[in-house]
Every structure is written in C-alpha cells, then in structure tokens.
Amino acid sequence: MEIEATVVKLLPVVKGTSARGEWTKQEVILEQPGEFGRKLCVSFWGDKALDAAILKEGETITVSLNLESREFNGRWYTEARVWKMTKAAPGPGTPFAPPTVDFPPLPPEDAAGTTGEDTFDDLPF
C-alpha cells in the first residue's frame with residue numbers, strides 16, 4: 001500500500017533487545033490530505049529508523065507500507081510498517097531558489113544579426 005501524507009509528529013526512538021538481537025523502532029504520525037484529514041501512526045524498523053530521523057514536521061512524504069495485525073492474549077494489534085519512503089518534490093507553494101550562474105556577456109550583434117566574428121558552422125543541418 002502506498003500513501004502520500006504530511007509529517008505531523010516524530011515520536012521518540014524506541015530501542016530494545018529480543019531473542020534475535022537488538023532492534024530500533026521510530027514511529028511517525030502522518031496526516032493524509034483531504035476534507036477530513038486522517039492521521040496514521042507508521043513504524044520505521046531497523047535501518048529504516050535512520051530514514052525517519054531526517055524527517056521534519058510539515059514535510060510531505062510518500063510511504064510504501066504493509067499493514068499487519070497480530071493476536072496477543074485475545075486482543076488484536078495492528079501495525080503499519082514502512083518499507084520504503086520518498087520525500088515529495090518541492091511544490092508550487094514551496095519556495096525554491098534556482099542556482100545562479102554568472103555567464104560572460106554576449107558579444108554585440110550588428111544589424112545583420114551576426115556577432116562580427118567570422119564563424120564557421122560545419123554542422124550538416
């Protein structure tokens with residue numbers, strides 16, 4: 001499943017040790033756009049937790065995730081586990097400053113539209 005949403009809040013990193021070794025989890029609260037913006041808590045596990053650490057509140061991202069439910073003591077728990085994340089490209093509302101390059105001035109053109117230099121164009125078209 002893939003969704004596009006805005007980062008609302010980054011929850012604290014959780015670390016622990018299990019029978020398989022140490023683990024790290026970063027949970028992030030996302031809000032989907034729409035009239036009734038829905039919030040979703042997604043989990044980044046292991047190396048993906050480092051990806052979540054660079055997120056900032058208000059940033060728009062696209063996440064691919066798997067939904068999984070597990071039963072424990074007669075209760076069911078559901079988790080949205082992210083396996084891929086991409087940041088959205090800056091949109092029209094995002095300020096963007098293009099890089100500036102200083103080019104040398106062009107030579108002046110005469111009335112015929114040539115630059116005054118003898119140029120040889122060997123291109124066939």
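## Overall picture

Of the 125 residues in the protein chain, 20% are buried. The model is a predicted one. The chain holds one helix and six strands. Along the sequence, these elements follow the order β-β-β-β-α-β-β.

The accessible surface of the protein chain is about 10200 Å². Carbon and sulfur atoms account for 55% of that surface. Contacts across the sequence are also worth a look. Of the contacts between residues at least 6 apart in sequence, 45% join residues at least 24 apart.

## The nonpolar core

In soluble globular proteins, nonpolar side chains tend to be buried together. Here the largest nonpolar core contains 15 residues. Val-28, Leu-30, Val-42, Phe-44, Leu-55 and Val-63 have the most contacts inside this core. Several strands feed it: strand 1 (2-10), strand 3 (21-31), strand 4 (39-45), strand 5 (60-72) and strand 6 (75-87) each supply at least two of its residues.

Leu-30 shows how such a residue is surrounded. Residues up to four places away in sequence are not counted here. On one side of the sequence, Leu-30 touches Ala-5, Thr-6, Val-7 and Val-8. Further along the chain, Leu-30 also touches Arg-38, Lys-39, Leu-40, Val-42, Ile-61 and Val-63.

## Strand 1 and its partners

Strand 1 pairs with strand 5 and with strand 3. The pairing with strand 5 is antiparallel and has five bridges. Glu-4 stands opposite Thr-62 of strand 5. The pairing with strand 3 is antiparallel too, over four bridges. There, Leu-10 stands opposite Val-28 of strand 3.

Ala-5 belongs to strand 1. Its relative accessibility is 1%, so Ala-5 counts as buried. Ala-5 and Glu-31 are 26 residues apart in sequence, yet their C-alpha atoms are 5.3 Å apart in space. Apart from residues up to four places away in sequence, Ala-5 touches Leu-30, Glu-31, Gln-32 and Pro-33, as well as Glu-59, Thr-60 and Ile-61.

## Gln-26, a buried polar side chain

Gln-26 sits in strand 3. With a relative accessible area of 4%, Gln-26 is buried, because the cut-off for that class is under 20%. Its side chain reaches the backbone oxygen of Leu-11 at 2.4 Å.

The contacts of Gln-26, leaving aside neighbours within four places in sequence, come from several stretches of the chain. Leu-10, Leu-11, Pro-12 and Val-13 are among them. Val-42, Ser-43 and Phe-44 also touch Gln-26. So do Ala-49 and Ala-52.

## The helix residue Ala-49

Ala-49 lies in helix 1, which covers residues 48-53. Ala-49 counts as buried, at 7% relative accessibility. Ala-49 and Thr-24 are 25 residues apart along the chain. Their C-alpha atoms are separated by 6.8 Å.

Neighbours within four places in sequence aside, Ala-49 is in contact with Thr-24, Gln-26 and Phe-44. Gln-26, as noted, is in strand 3. Phe-44 is one of the core residues with the most contacts inside the core.

## The tryptophan pair

The whole structure has one aromatic pair. Trp-23 and Trp-45 form this pair, which is tilted. The ring centres are 5.4 Å apart, with 45° between the planes. The pair links distant parts of the chain: Trp-23 is in strand 3, Trp-45 is in strand 4, and the two are 22 residues apart.

Are these tryptophans buried, exposed or partly exposed? Trp-23 is partly exposed, with a relative accessible area of 28%. Trp-45 is partly exposed as well, at 25%. Both values fall outside the buried class because that class needs a value under 20%.

## The loop between strands 5 and 6

Asn-73 is placed in the loop between strand 5 and strand 6. Asn-73 is not a glycine, but it has a positive phi of about 55°. Asn-73 is exposed, with a relative accessible area of 67%. The strands on either side, strand 5 (60-72) and strand 6 (75-87), each supply at least two residues of the nonpolar core.

How values were computed. Residues numbered from 1 in each chain as written. Predicted model: local features only at pLDDT ≥ 70, side-chain atom pairs only at ≥ 80, totals over all residues. Heavy atoms only, no water. Buried < 20%, exposed > 50% of the residue type's maximum accessible area, 1.4 Å probe, protein only. Contact = heavy atoms within 4.5 Å. Areas by Shrake-Rupley, 256 points an atom, 1.4 Å probe, with all protein chains shown as cover. Core = buried A, V, L, I, M, F, W, Y, C linked by side-chain atoms within 4.5 Å. Phe/Tyr/Trp six-rings, centres within 6.5 Å; stacked < 30°, edge-to-face > 60°. Polar contact = N/O pair within 3.5 Å; in protein donor to acceptor, adjacent residues only side chain to side chain. Pairing = 2+ DSSP bridges.
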